There are 2 protein chains.
Amino acid sequence: MISKKTKYGLKALIYLARQYEQGPILIADLARDENIPKKFLESILLALKNSGILQSRKGKGGGYYLGRSPRQITMGQAIRVMEGPLAPVQCVSETAYAKCTECGNENTCGIRLVMKDVRDAIAKIVDHTTLADVLERIAQAELTEKNVVDFCI
Amino acid sequence: MISKKTKYGLKALIYLARQYEQGPILIADLARDENIPKKFLESILLALKNSGILQSRKGKGGGYYLGRSPRQITMGQAIRVMEGPLAPVQCVSETAYAKCTECGNENTCGIRLVMKDVRDAIAKIVDHTTLADVLERIAQAELTEKNVVDFCI
DNA sequence: TTTTTAGTCTACAGATTTAATAGATTAATG
DNA sequence: CATTAATCTATTAAATCTGTAGACTAAAAA
């Protein structure tokens with residue numbers, strides 16, 4: 001299960017992607033609109049900024065905005081910032097490899113063999129899904145739902 | 001990242017699968033051979049027993065053993081017992097669905113749409129990988145490694 | 001240049017989860 | 001009835017998660 005921190009962060013990114021190139025957005029507005037504790041959100045956005053995904057400006061007219069286009073930001077990049085590596089075990093992580101302390105022979109560890117497949121399957125999805133893709137899927141889902149509602153009426 | 005508890009549990013299951021139908025195995029032996037804290041292992045095995053994956057016998061000649069054949073125990077079943085649901089967000093869990101508190105409209109939530117795909121990808125792997133499959137892959141990996149060693153000499 | 005605005009940094013604190021340990025109890029065998 | 005080995009209850013230390021408070025810094029406007 002992903003943490004609230006990650007959920008909040010992804011929500012914020014989707015929110016910012018929706019208003020891409022419309023100038024900086026205030027933390028306070030984002031927190032209010034998405035129902036996220038403001039101080040908590042601050043630290044999340046800061047982490048996203050330090051990783052290069054977001055940029056910010058201080059003072060009047062300031063706020064947060066995407067550091068590059070929604071097409072160039074993947075869910076995988078964002079998730080790694082907030083949740084850490086995708087891999088279920090560190091010995092199969094591509095971005096944060098480390099030997100498992102419990103593990104004897106890495107080449108013949110059954111758990112590792114399976115978890116390598118799991119990691120790759122997760123990465124295949126989140127590293128190929130951009131914020132732009134997410135916006136499109138949301139729009140599609142909203143259309144579908146609208147039709148369902150119309151159908152009901 | 002999966003917890004130590006889950007790693008220990010999976011190690012124990014693979015260990016027991018290797019000796020399937022050779023009678024009950026002592027917690028103490030398992031703990032020693034796999035380098036798992038004995039008391040911690042006790043509680044893990046008990047949970048696996050309560051879920052039906054393992055069976056046990058008390059007293060002399062007792063111990064733990066697989067409740068069914070290694071072909072009929074999947075990694076997914078075991079992981080769910082120790083780690084909980086596979087789904088990255090509870091609103092896409094097949095075995096433990098619950099509405100996300102942060103979520104407004106579930107049908108049009110972008111995070112949900114992506115995480116549903118992730119859950120399905122994970123489930124596709126772990127629900128179709130049995131303990132028998134893992135044993136086979138280990139055997140295969142050991143063969144490969146042996147050849148590599150031979151080649152070096 | 002002072003004031004206002006809004007992000008940044010430091011520190012902390014409560015709640016929950018993780019990873020264990022200790023000891024008493026129960027059930028099965030011989 | 002003694003021995004064996006799983007089971008149950010309780011506790012604990014450490015880590016992580018979630019959230020809060022307040023001082024600090026940079027930028028813009030008055």
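User: Let's start with Lys39(A). Is it buried, partly exposed or exposed?

Analyst: Accessibility is a good first thing to check. This is a predicted model, so treat each value as computed from it. Lys39(A) comes out at 63% relative accessibility, and the cut-off for exposed is over 50%, so Lys39(A) counts as exposed.

User: Which residue does the Lys39(A) side chain meet in a salt bridge?

Analyst: The general idea first: side chains of opposite charge can pair when their charged atoms come close. Here, Lys39(A) pairs with Glu42(A), at 3.6 Å from N to O. Both sit in helix α3 of chain A, and because they are three residues apart, about one helical turn separates them.

User: And what is the N to O distance between Lys38(A) and Glu42(A)?

Analyst: The closest N and O atoms of that salt bridge are 4.0 Å apart. Lys38(A) and Glu42(A) are four residues apart in helix α3 of chain A, so again the spacing is about one helical turn. As for accessibility, Lys38(A) is partly exposed at 44%, and Glu42(A) is partly exposed too, at 26%.

User: Now chain B. Where do Glu94(B) and Lys116(B) lie?

Analyst: A salt bridge can also involve residues from separate elements, and this pair shows it. The two side chains meet at 4.0 Å, N to O. Glu94(B) is in the loop between α4 (75–83) and α5 (110–126) of chain B, while Lys116(B) is in helix α5, so the pair ties together parts that are 22 residues apart in sequence. Glu94(B) is exposed at 57%, and Lys116(B) is partly exposed at 29%.

User: Which residues of chain A are linked in a network of salt bridges?

Analyst: When salt bridges share residues, read them as a group. Glu94(A), Lys116(A), Arg119(A) and Asp120(A) form such a network. Over all chains, the whole structure has 25 salt bridges.

User: What about a charged residue with no salt bridge? How far is Glu34(B) from the nearest side chain of opposite charge?

Analyst: For a case like that, look at burial and at the surroundings together. Glu34(B) is part of helix α2 (residues 27–34) of chain B. It is buried and has no salt bridge: the nearest side chain of opposite charge, that of Lys11(B), is 4.1 Å away. The cut-off for a salt bridge is 4 Å, so this pair doesn't count as one. Setting aside neighbours within four places in sequence, Glu34(B) is in contact with Lys11(B) and Tyr15(B).

User: Let's try a loop residue. Is Thr130(A) buried or exposed?

Analyst: Don't guess from the word "loop"; check the accessible area. Thr130(A) lies between α5 (110–126) and α6 (131–152) of chain A. Its relative accessible area is 10%, under the 20% cut-off, so Thr130(A) is buried. Beyond its close neighbours in sequence (within four places), Thr130(A) is in contact with Pro70(A), Arg71(A), Ile73(A) and Thr74(A).

User: On to the DNA. How many residues surround DNA strand C, and which are the closest?

Analyst: Start with who is there, then ask which part of the DNA they face. Strand C has 24 residues around it, with Lys49(A), Ser56(A), Tyr64(A), Tyr8(B) and Lys39(B) the closest. Of the strand C atoms within 4 Å of the protein, 71% are sugar or phosphate, and the rest belong to bases.

User: Which side chains have an N or O atom by a phosphate oxygen of strand C?

Analyst: Three cases to look at: Lys49(A) at 2.7 Å, Ser56(A) at 2.9 Å and Tyr8(B), also at 2.9 Å. The elements giving two or more residues to this surface are α3 (38–50), β1 (54–57) and β2 (63–66) of chain A, plus α1 (4–18) and α3 (38–50) of chain B. The largest share, four residues, comes from α3(A).

User: And which element gives the largest share of the surface near DNA strand D?

Analyst: Use the same reading steps. For strand D it's α3(B), with four residues. By class, that surface has eight nonpolar, five polar and 11 charged residues. A polar side-chain atom of Lys49(B) is 2.7 Å from a phosphate oxygen of strand D. The backbone can take part as well: an N or O backbone atom of Ile27(B) lies 3.1 Å from a phosphate oxygen of strand D.

How values were computed:
Residues are numbered from 1 along each chain as its sequence is written. Chains are lettered from A and ligands numbered from 1 in the order in which they are written. This is a predicted model: local features need pLDDT of at least 70, side-chain atom pairs count only at pLDDT 80 or more; totals for chains, interfaces and linings use all residues. Side-chain values use heavy atoms; hydrogens and water are left out. A residue is near a molecule or strand if one of its heavy atoms lies within 4 Å of it. A polar contact is a pair of N or O atoms within 3.5 Å; within protein, one must be able to donate a hydrogen and the other to accept it, and residues adjacent in sequence count only if both atoms are side-chain atoms. Buried means under 20% relative accessible area, exposed over 50%, partly exposed in between (1.4 Å probe, protein chains only). Lys and Arg count as positive and Asp and Glu as negative; His and the chain ends are not counted. Contact means heavy atoms within 4.5 Å. Ala, Val, Leu, Ile, Met, Phe, Trp, Tyr, Cys and Pro count as nonpolar, Asp, Glu, Lys and Arg as charged, and the others, Gly among them, as polar.
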